[in-house]
Amino acid sequence: MNAFRKRGSGHSGDATRAVVITGIVCVLIGGVVGNAKADESRRPNLIFVLSDDVAQGDLGCYGQQLIQTPHLDQMAAEGTRYTQAYCGTSVCAPSRSSFFTGLHCGHCPVRGNYEMPPEGQFPLPDETVTIAEVAKAAGYATATFGKWGMGFFDTTGSPMNQGVDHFYGYNCQRHAHSYFPTYLFDDDQPFRLPGNDGRTVGQTYAQELIQQDMIRWVRDHADQPFFLFYAVTLPHGRHEIDDLGIYADKPWSLKEKSYAAQVSRLDSDMGQLLSVLKETGIDDDTLVLFSGDNGSSFSPDSAMGKRFEQASNGLRGFKRGMYEGALRQAAIAWWPGTVPAGRVTDQPWAFWDVMPTFVEMARAEPPEGYETDGHSLVDFLRGGDAPKREYFYWELHGGRPIQAARFGDWKAVRIGVDRPIEIYDLAQDPAESNDLAESRPDLVAKAAEIFSEAHRESPHWPLSGKTQQRVDREKAAWQITRRRNAETYVPDAAR
């Protein structure tokens, strides 16, 4: 049990008790207990790849016609594709945190994009038990690549304080808005990127460096069990890329061409990862889950939404909302010989289920204080049914806190505690176009009970809205970011 004890960093005053599984795009590499092909002496690897803002409608295997994604389409053909996989919530930091702690956003210590000065986001508390800590204590090598956004290096939320052996990429999601930043981090050490000013397309593409370091780490750790969280920034805005590729001559706007190229770059990077798993002979020992961190990122009425028909699945809503179009992910599981090939299922699961899944797969003993809102997906991944549960729950703390719950095929949405609860029948109305609240007061009452039960009070996340402290911190954080961008800032410690 001592292996699970946390290192303090002097920020316990900001702590809230939680465990979250975050996350994006998401890829999970792991093995399921009992894989006949796997070496029985080796526990399976887990890689969770979370793509920031990729949507179902962006991938060919979900029906996209204009953007080419051959590697992810092949991954789906060789594995299982999910049509009702749910994110932690509909923006990035709390969605990642839900995956990383195994808690839904009624319990998670991070429930919104809470910006902190001078760099970073609201930190995971010291006492939070994370999936990386569970993995590390079970003897796994652990690493995170891409965008962290769960606490800067001088806080309890630093990846180095949350069970991560190696980190490479952006710590702060404001910093990650540039694909050509002036610096990145190797563990907690900043280093310069030559030829970049952080404001325009420069010479050194951050995603290329992050991908190279991730592939190098996988090769170096192929002979031992490992947990890898790859929080890929692609295709989040700004929509910048080093090569427009096959889209350069399309009669589209530069933003549209860049977005398509970002999705295809994400696809090719995933293809390289799966190839390396095969080359090193650990594909049969590795479960890979790929996902987005929220649903569609564009309004269907926007130029981008219309161009790529992100809402072709017929769902209502997009990023920052609580309708199905904001919460359902592009999600694929791949594990040759264990995860059924060519399977497509509409049975639901959510990010907070990954924590108990990994505990079972890794044969890890949960630490004292461990808690999760999830259910193990091991049997479901093998081809069985999804676990039964009373409900799914989401909340998001932006300007006005919003809530949603799914119980059976019923969906409840409340856009603020002072607003009425809406009720939808997802079996008959997946587009959530017919609010049944007036005719089904019994379901309204049930939803109200769930909202009350699932929300754990936190001084940082009141349902009444942002605290003054958060407002002040966020204002200061953005002022610093804008000043740094104007000054082409590089940390003094950058090598």
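**View 1. F358 is tucked away, and so is its ring partner Y140.** With 0% relative accessibility in this predicted model, F358 counts as buried. Y140 gets there too: its relative accessibility is 3%, so Y140 also counts as buried. Among the structure's aromatic pairs, 40 in total, here is one to look at up close: the ring centres of Y140 and F358 sit 5.2 Å apart with the planes at 80°, which makes the pair edge-to-face. The two partners come from distant parts of the chain, 218 residues apart. Y140 belongs to the loop between α3 (131-137) and β4 (141-147), while F358 is part of helix α8.

**View 2. Here is the largest nonpolar core, with its best-connected members.** This core has 73 residues, and the ones touching the most other members are F99, F100, I131, F227, F229 and W349. Helix α8 (residues 354-362) supplies the largest share of the core, 6 residues. Another core lies apart from this one; it has 56 residues, including A76, A143, V263 and I282.

**View 3. Helix α2 is mostly covered.** Run along residues 92-101 and you'll find that 10 of the 10 residues of α2 are buried. They are C92, A93, P94, S95, R96, S97, S98, F99, F100 and T101. Two of these names, F99 and F100, may ring a bell from the core in View 2. Right after α2 comes G102, with a positive phi near 75°.

**View 4. Helices α1 and α5 cross each other.** The axes of α1 (residues 70-78) and α5 (residues 254-279) come within 7 Å, crossing at roughly 50°. That angle is why α1 counts as oblique to α5. On the α1 side, the contact is made by P70, H71, L72, M75 and E78. From α5 come D267, S268, M270, G271, L274 and K278. Sort the residues of this contact by type and you get 5 nonpolar, 3 polar and 3 charged.

**View 5. L193 sits in a loop, but is it buried or exposed?** The loop in question runs between β7 (189-192) and α4 (206-220). L193 has 3% relative accessibility, so this residue counts as buried. And what does L193 touch, leaving aside its neighbours within four places in sequence? The contacts are P181, T182, Y183, L184, T204, A206 and L209. For a sense of scale, look across to E360: its C-alpha atom is separated from that of L193 by 41 Å, and the two residues are 167 apart along the chain.

Technical notes. Residues are numbered from 1 along each chain as its sequence is written. This is a predicted model: local features need pLDDT of at least 70, side-chain atom pairs count only at pLDDT 80 or more; totals for chains, interfaces and linings use all residues. Side-chain values use heavy atoms; hydrogens and water are left out. Axes are lines fitted to C-alpha atoms, for helices over the stretch in contact, and angles run from 0 to 180 degrees between N-to-C directions. Helices (H or I, at least four residues) and strands (E, at least two) are DSSP runs, numbered from the N terminus. Angles under 35 degrees count as roughly parallel, over 145 as roughly antiparallel, 65 to 115 as roughly perpendicular and the rest as oblique. Contact means heavy atoms within 4.5 Å. Ala, Val, Leu, Ile, Met, Phe, Trp, Tyr, Cys and Pro count as nonpolar, Asp, Glu, Lys and Arg as charged, and the others, Gly among them, as polar. Buried means under 20% relative accessible area, exposed over 50%, partly exposed in between (1.4 Å probe, protein chains only). A nonpolar core is a set of buried Ala, Val, Leu, Ile, Met, Phe, Trp, Tyr and Cys residues joined through side-chain atoms within 4.5 Å. Rings of Phe, Tyr and Trp (its six-membered ring) pair if their centres lie within 6.5 Å; planes under 30 degrees apart count as stacked, over 60 as edge-to-face and the rest as tilted.
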